[in-house]
Every structure is written in structure tokens, then in C-alpha cells.
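Trainee: I am new to this structure and would love a close look at one part of it. Could you pick a single spot and walk me through how it sits in the whole?

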Amino acid sequence: MVAAKFLKVETLFEAFAGGGARTLLYAKHLSLKLHRINEGNRVFVCELLYEYLNANLPDDRLKITVEDFLRCWKREVCTGRTYDWVDLDPFGSPSPFLIGAISIAKPGGHLYITSTDTATLSGRRRGDDIRLYGVFLRPWETYGELGARALIYSVWNAANHLNRHIAPVFVFYEGYAYRLLVRVEEKRNTNGIGYINRCKTCGTYSVSQRNPAKCGVCGGETEGVGPIWVGRLYERETLQGFKEVALKMGWKDVAKVLTKMLTEPDTPMYYPLSGFRLHRTPSLKVVIKKLEEMGYSAGKTQFSPQGVKTDAPVPVLKEVLHSLTSHP
Ligand SMILES: C[S@@+](CC[C@H](N)C(=O)[O-])C[C@H]1O[C@@H](n2cnc3c(N)ncnc32)[C@H](O)[C@@H]1O
Ligand SMILES: [Zn+2]
């Protein structure tokens, strides 16, 4: 809501409005010129309309349909209308609906996508990863971030089919769901696409353009995941604007989440301290400070409370952890 308010969204398409929890928030907080709603279940739509009218929200800009979004978006394309904001909140994976959502978004418009398909995105469903997201995943312990990057890749891939590009504004991982905001851009390109590799010997993560490369730290064999989104997850300039709106609205929890994103380093992947089998886990803050003193980038990540994001290779990180745990 904060994002749509900051971006001054005027035309909005909700593909799966359900009982209207979001619909009501959008109508209340935005100055919409067109609020286009679709939902496949007639009973929910009745409920939604009842709530909407009961709340005295402006219904002259409301346009509702009850049909399968897979049919609805094609009809919408025929009208020639495109939207500032397309909201995709299906059950499970959004993959079947991406082409439709991108087709009805304005160039420079935004898609707000939810995925509750965390089982596949965590790399635990072999076969469904490539079928739904086009990515060969692995069940690494860093599955939260890996899933986010696979989801972004699938949106990029759908946009690429349509000769378009997407730029992530943020992705928020809630454990049971991902919320992803991307901007739709006009010209397709492959910036941000690559492979994420993990060294089988030292455990260091790396990024490469094509096939999994040898480890640049120890020369060991790597195992790779991809093709996947290896670019930025957060558009900081825009998030700063969202944060100001959140603070003005008194939405402190939202501002707190945005602060986390604003301070997270861009380095792909992170290392959970629990993976180092330490007899005593040092404070994350102290580890980060030490790495920064050594000239590495380091910071916390939203994907794991005990995860450190750093460009330091694992042997260096191990030394730091050792030095911090071996002295009283
Ligand atoms: C997670 S709920 C949406 C919740 C809603 N955004 C809210 O804030 O209340 C998903 C909705 O998608 C609808 N749905 C599922 N598949 C659909 C399809 N192919 N076309 C249209 N609606 C669909 C379901 O009926 C359900 O109401
Ligand atoms: Zn290595």
C-alpha cells in the first residue's frame, strides 16, 4: 500500500481479489481513476462488494468481472487498456499468470506478485522448479534467498518473452510467502541473469555468467543453480521514498522491514552462522564489524536472522569466527 501510494498509482488491476481485504485498502489509501477487479469465485465477489459499499468507498471507478484470470487478461488486452499497477495474489505459484499480468501493465508500471509456493521455491520439489520457474534449484540452507531469486527469474523470463524487461524494486520473504514488486520496462535485456555456484570444498558462493565455474578461492569443484536472477533485489532510492510514506502513515512495522532491506548488502547469497558448527555463536553485529574492518562488505539479511551477507570468502569468514570464539 505504501509503495502504491508513493508511486501515485491511478489505475490498478487486481487479478485475484478474493474477499477484498486488499481491495478495500487500495480504495481507501489511493486516489484511483480506475480500480479494475477480477475474482474467479462469485461468492467472494458478493462479499467484496458488500464490504466495499458498506465502507462508502468510491464505486464510480470500480469495474468488476468474475472469471478465470487466464481468460480475463486476454479480454483486457483487446480493450487496449494498460495499468499502473497489477496485483497478482493467487494461491500457490503465480507462474501461469505472469504473461497475462505483464501484458496488461503499462511500460514503467508495476507488478505486485505474491507466491505461497515456498515448497517448490525452497528447492524441495525437483521437476516443479524447472516446470514453474525455469530454474534448476538445490535444497541449500539458503533457500529463502534462492527462492526469491528463482521467482524473480521467472518474472524476468515471462517479460523477456514479451520483449520486455523487469527490474525488482523489492522482494519480501515472510517464510510462508514471497511478496515481490517489480517495475516493467520496455526493452528486453539479460542484465541480472546468471548462475549461483557453491564450492563443494570451501563452501564459498560465487556468481558466473554461464556454466558453473571452478571456485575462485580454492579451485574446488562447484555446484550451480540457474539460470537465475543474480542482480539487485532492492531499488534503494525508491525504498527510501516508501519508508518516508510509511513513517508519515504511522506504519512502523513496514518502515522497519524497509530499513532491513535498505541496509542489506547487494552481494548474492549469505552464510548462516549456524552452519559453521561453532561451540559459541558470536554476535552477528560483531562479525559484521570485524569483516568491515578487514575491508569486506558485510551486513544482515532479511532471509535469516543468523545469516551474514558478505563478499569475504568462507575461509576468511571461518578465521574471523574462530578469532571471535577462541578468545574470552
Ligand atoms: C489468496 S486469495 C486472494 C486474496 C485477496 N487478494 C485478498 O486480499 O483478500 C486467491 C484468490 O484467487 C482466486 N482464484 C484462484 N485461481 C483463479 C483464477 N484462475 N482466476 C480468477 N481467480 C482465481 C480464488 O478464488 C481466491 O479468492
Ligand atoms: Zn572453494
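Mentor: Happy to! Let us start wide and then close in on one residue, Tyr52. The domain assignment splits the protein into domain 1, made of residues 2-189 together with 234-257, and domain 2, residues 272-326. Please keep in mind that this is a predicted model. Taken over C-alpha atoms, the centres of domain 1 and domain 2 are 34 Å apart. Where the two meet, four residues of domain 1 are in contact with five residues of domain 2. On the domain 1 side, those residues are one nonpolar, one polar and two charged.

Now for the protein as a whole. Its secondary structure amounts to twelve helices and 13 strands. With a radius of gyration of 21 Å, close to the 20 Å that the globule rule gives for 328 residues, the protein is as compact as a globular protein of that length. Along the principal axes, the C-alpha atoms fill a box of roughly 70 × 40 × 35 Å. Of the 328 residues, 42% count as buried. If you take the contacts between residues at least 6 apart in sequence, 61% of them join residues at least 24 apart.

With that picture in mind, find Tyr52, which lies in helix 3, residues 42-54. A residue counts as buried if 20 or more other C-beta atoms lie within 10 Å of its own. Tyr52 has 20 such atoms within 10 Å, so Tyr52 is buried.

Who are its partners? Leaving aside residues up to four places away in sequence, Tyr52 touches Gly20, Thr23, Leu24, Ala27, Leu57 and Asp59. One of these, Leu24, is 28 residues away from Tyr52 along the chain, yet their C-alpha atoms are separated by 6.4 Å.

From here, we can step across to the ligand. Helix 2, residues 21-29, supplies at least two residues of the shell around ligand 1, and helix 4, residues 69-79, also supplies at least two. There are 17 residues around ligand 1, and those that come nearest are Phe16, Gly18, Ala21, Arg22 and Gly40. By class, the shell divides into eight nonpolar, five polar and four charged residues.

To look at this yourself, centre the view on Tyr52 in helix 3, bring up its partners, including Thr23 and Ala27, and then move on to Ala21 and Arg22 beside ligand 1.

Key
Residues are numbered from 1 along each chain as its sequence is written. Chains are lettered from A and ligands numbered from 1 in the order in which they are written. This is a predicted model: local features need pLDDT of at least 70, side-chain atom pairs count only at pLDDT 80 or more; totals for chains, interfaces and linings use all residues. A residue is near a molecule or strand if its C-beta atom, placed from the backbone, lies within 6 Å of it. Helices (H or I, at least four residues) and strands (E, at least two) are DSSP runs, numbered from the N terminus. Ala, Val, Leu, Ile, Met, Phe, Trp, Tyr, Cys and Pro count as nonpolar, Asp, Glu, Lys and Arg as charged, and the others, Gly among them, as polar. The radius of gyration is taken over C-alpha atoms; the globule rule is 2.2 Å times the number of residues to the power 0.38. A residue is buried if 20 or more other C-beta atoms lie within 10 Å of its own, exposed if 12 or fewer, and partly exposed in between; C-beta atoms are placed from the backbone. Two residues are in contact if their C-beta atoms, placed from the backbone, lie within 7 Å. Domain bounds come from an automatic or database domain assignment.
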